[in-house]
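Trainee: I'd like to learn how to read the contacts between chains and between domains. Could you walk me through an example?

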Amino acid sequence: MCLSQHFWQFLIPGITLGCLYALIAIGYTLVYGVLQLINFAHSEVFMTGGFAGLFLVQALVTTGVTPHGTESVLYVVLGICCGAIFGGIVAFLLERVAYRPLRRRNAPRLIYLITAIGASLFLFNLAGKLFGRDKVNVPELYTNGVVFTVFGAQVRVQQIIIVCTALGMMLMLDAVVNRTKLGAGIRAVAQDSQTASLMGVNINRVISQTFVIGGLLGGAAGFLFGTYLNVHYQMGFLPGIKAFAAAVLGGIGNIRGAMIGGLLLGIVESLSQSCMSSQWIDVVAFVVLILVLMFRPTGILGQRLGRAA
Amino acid sequence: MSQVGGLPVRVKRSRKVDPRLVRLFGWLVLGALLRLMTVTTEGTATDHTLVLDAAFKSTALIWWLLGAVAVWALTELWRARKVGSLVSDRTAGARKQWRTVSDRKLTRQLAVLALVLAALIIPNLMSEFYQRVLVDQVAVFVLLAVGLNVVVGWSGLLDLGYIAFFAIGAYTTAYFTGSLPVTPGFRLNPFVILPIAVIVCLIAGLLLGAPTLRLRGDYLAIVTLGFHEIVQLFLVNKNNWTGGNQGVSKPIPHFSINIFGIHYQWTLDSMPYWYLFMGMLAIVVFLFARLEHSKVGRSWTAIREDEVAAAASGVPTVKYKLMAFSIGASTSGLAGVLYGSRLGYINPASFPVVLSITVLSYVIFGGMGAIIGVIAGAALLTFLPAVFQEQNLVRQEDIPMWIGAILVVMMLFRPQGLIPSRRRRRELRLAQQGIADADAMSEAPEGRQ
Amino acid sequence: MVQHEQKGRGLALTLQWKRCVVHKKTVLAAAPVMIGALALSSCSSSKSKPASAGGGGNKPSYTIGFQGPLTGPNAQLGINIDNAVKLAVAQANAKGDLPFTLKVAEADDQGDPAKGPTAAQQLIGNSNVMGVVGPTFSGATKAAQPLFTQANLASVSASATNSSLTDPANGFKTFFRIVPPDSTQGTAAADYMAKALKAKSVYLIDDKSDYGVGLCGNIKTQLTADGVNVVSDSVAAGTNDYSAAATKVANSGTQAMYYCGYYADAAPLAKALKNTPYTGKTLSGDGSNDPKFISLAGSAGEGWQFTCPCLSAAASTDPTTQQFVKDYTASANQPPGTYSPEGFDVANTLITVMKPLGTNVTRGAVVTGLRSVDFKGLTKQIKFQPNGEVTEKSIFVYQVKNGQITEVGTVDKLIAS
Amino acid sequence: MSDTGHEPRHAAPTPPLLAVRAVTLRFGGLTSLNDVNLTVERGAIQAVIGPNGAGKTSLFNCLTGVYTPQLGSIEFTSDGVTTQLVTGTERRRRSKKPHMVSRIGVARTFQNIRLFAALSAFDNVKIAAETRHRTGPVGAMLHLPNAQANDRATDERTEDLLDFVGLEGVADELASSLSYGVQRRLEIARALATDPQLLLLDEPAAGTNPTEKRELEQLIRRINAERDITVLLIEHDMRLVMSIADRVTVLNFGKVIAHGRPAQVQQDPVVVEAYLGSADETEAEGGEEADRGD
């Protein structure tokens, strides 16, 4: 009953949020695919993207003036690119500095996880120290007007930008993974890294590339998230966990699964708000996670990056 | 398979840069990073370059960089002269001797005795502030770390919701002492609540672990993290049960003894609580040490080293993992009772998610798997920040950052920790050679299709 | 000022270290590094005796303590008060008519109840501390106050507004505060919405914090008494996405929305509300009454109103207050924020109580003195009821206009007009 | 179990100790075992041979609950009690968990030795030996008399087993520091410690030298004769197989292509063809992976 009343009004923010979750979830799923590792520090990649994009647009946009037209488009594109680039850089460094030495040492997975958690703790607290611990508002880059309404629910410019960008990036990624040599390498390593290395695949390079791709998407998502809500040094934590839940929901290691899982989780989360008090919203993701683990641990689409559907 | 086969073989020879230069660059970056980390100002939401300016436009940066160069030069010299191997050759005899001495039962017993005496006597000489730090921080976290060691160090699982059980223990105390908005209608002495909290946390641990541990061990990390969030939300949102963010509605009473004509009441004073904590710690350590060298401890080792072989040898792997997880949880609950009663006032903010990671870092820092190392690690890492606080040396809020850095550095350079257990060190070395596993994170050895 | 004190302390520490060589030896026998660190502090145990005067010529030296968050996510509120305390002490010392020299000792509790007792102990352990400004937050106050009471050390808060703090059942015998409790603000805010804004229905959102829940609870009680329809919701502080909550507000069709929480969450809520067709009044409490609300919310913050038991120094026309703004800005490098004037008043109240005691200031005497103090501060006439509550309780209303927080007036006057 | 008295070696009416019926195991599109039938009589020494990738280790993994086959049934009968190792419906099948399989009396060794490398030889065996006891964490922590007694009994049994396989001298050495042949024997001792009725040996002679091979052959015979344990082994070394096995089953591409007495099987043209047709007869280096097939 609760769902019927304002269904569309909750669905649209849900889709928006779901797209962002999907972008982050891809980062988790890619790394999990090739390394069988939950990259806890991915949430910090996301956070970095948010800050990088923020600083760029802060430098570009004069305070108090909302740009419009092509100017807006330019700023949004630049912000996304900047977020993506810095996300990619952090992901790359993370792999280089923290994970590669461990891999060389053939460290147990426990050690990887602890390193990832330590790196995450370090990064977000460093960001807090550098940029302050208050939420920061991303300057308005466009007039966030209503574009059209669906069954009484308003759809705004911002939501359209986020959904379109996210979908575009996901389509691109899908093409890259399934059609290019780079994607073939990733899939090969995901399937069986030993065999892949025997076949002449440079495992280290593929892993680096995987991290960077995940970082690009995560960083871009960070910026989009910043324009939608806020930028904050701890902004990565909850979306990070939720995105991981989304990746498991879709089938960890499966890219399309991560997309679907993210979208689904965003929608479920938003819709459940119409039925219950907002205070319990963060529980939804975890309940979904535990239910999936209990009843269908392989997720909706099944696991394994290499075994494409 | 076909994708792999279809890939072209590309062997690219990378241009070699002198590794010494690479290392110099690394040291310089590290120096700059350390400079950034030690800046005493903090950024604000409006001025994003404040800290960068403070860090990089001051002369201190030069000292840090010079320091980095000096360290680099020393290490290069060390490498060139092969001082490392020389030293290790020279000291081989002494080290062996030390090992035989330190391995002797008498030596170990003496060391433990010395530690116990030190723990009993030295706090009496300290100021009240440090006594309070010892009880509120050191004792609590040492107890927590010893419990987490069972999960992380012995069974090789990662529990990031450990503090959730701590909260459950503390709130159980609050409930049974009638300090919450909902009361049981009777009031119990915290001593009576100790076993209750242990059982409550044991059951909570079983309920959480059972669906998760049937699957991969590494999911446990994220599920426990989620569990912590749920517990936290529950404490915050269920105002009419828990008091929400306002915390307990009445102070939690202190411990007291009132049997056989003996009356004793613990108060705000620190020392009596210190002895109580040390007593509890002694009991827990004694029991856990026995556990380690029992069938249960050996089974955990077997699971850690090779889960498939352990299962094939008849070790019920899921059961033992679950056992470790719930024993850890109940220790956390036990600590929660002591903590709640000691502080008198608790609210959900006392149990943040980051605290679980902090306790984890104590375990890692001290040496996973070795009780004595874990105790030392937790004691050191809780005591030092208090000293820093008192002397205004480090900004309090930077401490999580340092803890993160310590975690990464330890994992990269000394994963076995400060005072590692011999077995653990061996495992990590063997894992390096690709022989053993050293954790229980892999897929459960059953039900694969 | 603070740095000087640190240096002095460091010196005392090294001296003490030499004095306890005996301990040092026993410690070395016990070997481990950990114990070494323990010993370091054991030697510092007797370090702060009043005799170790130092800086103040032949005058004795006393210290006013400050407890509150100086670091961490809630630091700004603590810093606002701390700066004011430092300013008050500097001015009092500069005047030269004090029979003693004053210092400030800071104890950072990060606004965290778990750290409250340790911070309090830090001040209690310093036997020079005769009175404490703070704790800043109610939770930390609850955790720390038993210790202050035991030490018979007065703690006067400039900002802890939780109603239950002055409940005699708690036994917080040395606790005072110069801000009225949430119940006063809640009642006033409710009356303002019902009578001045003439709202028929009000949407209340609390942030699940100690402060927010208490405030909204009081507002709800009074609104119901005033015959106003109330819809309640809760969104935990730190939530990122307020769009669903905003949607619910818009759907409710209420004429006013009151947010009980801090600016860090009020701002995103404001932004989210702006994206909905909501047209009602938007209000919040003292926790959101901060310039940072405007910088965070941007244009979405325009028109928001705040109720606050606090005096906004910047908006005041009183010459003493304007002088305070000038001095504060000069010494702290930032304009005074929320509760800065109150912090200034608390410090001056303590100084007023201590001054007639001359060179025989004791903690007990300060507590006794506070019970009978009658002092004209910046914000109000300061006089305490027996339970530690201040007698004068006026609630101000502020509004965001053209990106500035401006004073609208006191609730009483606004209702009357 | 071993002291329940002698049963006749081939009692006709009693069901076989192990019966594998029409077992099919697939990984994705790859069929690892295809309609495999196999029976093992109590007291026998039986061998499974076949070229690399034929599905031998997969068969062992199905028997011990590591893999769940999609079709077929596996029954284990001891003391007149029959246990289904694979249960469930067509769609949702479950196999007995590895430790349960071990408990009902099936022990195994691994193709690529899987010892607890950082533990002593003694502890390696002890861990398996004490799984039969019911000591829980409480008993262990409090040193309850029952737990103490169990511990002493286990120590004795462990020493006994180390003596039996001839490793009494290396009890305190680290498993990883032992030579290959010794590790093999230690693994067998660990398997024996679970008190099995059926012992599955996965290429026990791989990587051992001729002397060790001879000792191994004797050990297997002694296990069979003295301890009354049925042995099913995978082996590449034909000489060893021919000399100790009563029956031989030949697998190729997941199918049973021959079954019978060693001499019979050796002559079978299908078998000869399978072996000659397969690319290499050398030992597999890839370990289990080679058989898993993906």
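Mentor: We'll go through the chain interfaces and then the domain interfaces. Keep in mind that this is a predicted model.

Trainee: Then let me start with confidence. What is the average pLDDT of chain A?

Mentor: Chain A averages a pLDDT of 87, and 96% of the residues score at least 70. There's a weak patch, though: over residues 305–309 of chain A the pLDDT stays under 50. The model has 13 contacts beyond four places in sequence for that stretch.

Trainee: On to the interfaces. Which chains have the most contacts between them?

Mentor: Chains A and B do, among the 5 pairs of chains that touch. Chain B puts 76 residues into the contact and chain A puts in 65.

Trainee: And how do I put a size on something like that?

Mentor: The usual way to give an interface's size is the accessible area lost when the parts come together. Here, chain B and chain A bury about 5,800 Å² between them, with 72% of it on carbon and sulfur atoms.

Trainee: How many salt bridges are there between chain B and chain A?

Mentor: General idea first: side chains of opposite charge can pair when their charged atoms come close. Between chain B and chain A the count is 4 salt bridges. One to look at is A:R133 with B:D398, where N to O is 3.6 Å. The count of residue pairs in polar contact across chain B and chain A, both at pLDDT 80 or more, is 6.

Trainee: Which elements of chain B supply at least two residues each to the side that touches chain A?

Mentor: There's a list of helices, including α1 (2–6), α2 (19–38), α10 (190–213) and α19 (399–413) of chain B. The largest share comes from α11(B), with 11 residues. By class, the side of chain B that touches chain A has 47 nonpolar, 15 polar and 14 charged residues.

Trainee: How does a salt bridge look inside a single helix?

Mentor: Try B:D136 and B:R132, whose closest N and O atoms are 2.9 Å apart. Both lie in helix α8 (residues 128–154) of chain B, 4 residues apart, which is about one turn of the helix. Over all chains, the count comes to 35 salt bridges.

Trainee: Now chain C. How many of its residues are in contact with chain A?

Mentor: 32 residues of chain C are in contact with 26 residues of chain A. The two chains bury about 2,200 Å² between them, 43% of it on carbon and sulfur atoms. The salt bridge count between chain C and chain A is 0, while 3 residue pairs are in polar contact, both at pLDDT 80 or more. On the chain C side, the elements giving two or more residues are β7 (229–234), α9 (243–252), α10 (263–274) and α11 (291–297). That side has 11 nonpolar, 13 polar and 8 charged residues.

Trainee: How far apart are the closest C-alpha atoms of chain C and chain D?

Mentor: They lie 28 Å apart, and no contact joins chain C and chain D.

Trainee: Can the interface reading be used within one chain too?

Mentor: Let's use it on chain C, which is divided into domain 1 (50–179 + 319–382) and domain 2 (182–308 + 395–416). Their C-alpha centres lie 30 Å apart, and the contact takes 11 residues from each of the two domains. Between them, domain 1 and domain 2 of chain C bury about 830 Å², 33% of it on carbon and sulfur atoms. They have 0 salt bridges between them.

Trainee: And chain D? How many salt bridges lie across the interface of its domain 1 and domain 2?

Mentor: Chain D is divided into domain 1 (1–105 + 196–294) and domain 2 (112–194). The contact takes 24 residues from domain 1 of chain D and 18 residues from domain 2 of chain D. The area buried there is about 1,600 Å², and carbon and sulfur atoms give 57% of it. D:P196, D:L219 and D:R227 supply 29% of the area that domain 1 of chain D buries against domain 2, more than any other three residues. As for your question, the rule finds 2 salt bridges across that interface.

Definitions and conventions:
Residues are numbered from 1 along each chain as its sequence is written. Chains are lettered from A and ligands numbered from 1 in the order in which they are written. Side-chain values use heavy atoms; hydrogens and water are left out. Contact means heavy atoms within 4.5 Å. Buried area is the accessible area (1.4 Å probe) that two parts lose on being put together, summed over both. A salt bridge is a side-chain nitrogen of Lys or Arg within 4 Å of a carboxyl oxygen of Asp or Glu. A polar contact is a pair of N or O atoms within 3.5 Å; within protein, one must be able to donate a hydrogen and the other to accept it, and residues adjacent in sequence count only if both atoms are side-chain atoms. Ala, Val, Leu, Ile, Met, Phe, Trp, Tyr, Cys and Pro count as nonpolar, Asp, Glu, Lys and Arg as charged, and the others, Gly among them, as polar. pLDDT is the predictor's confidence in each residue, from 0 to 100. Domain bounds come from an automatic or database domain assignment.
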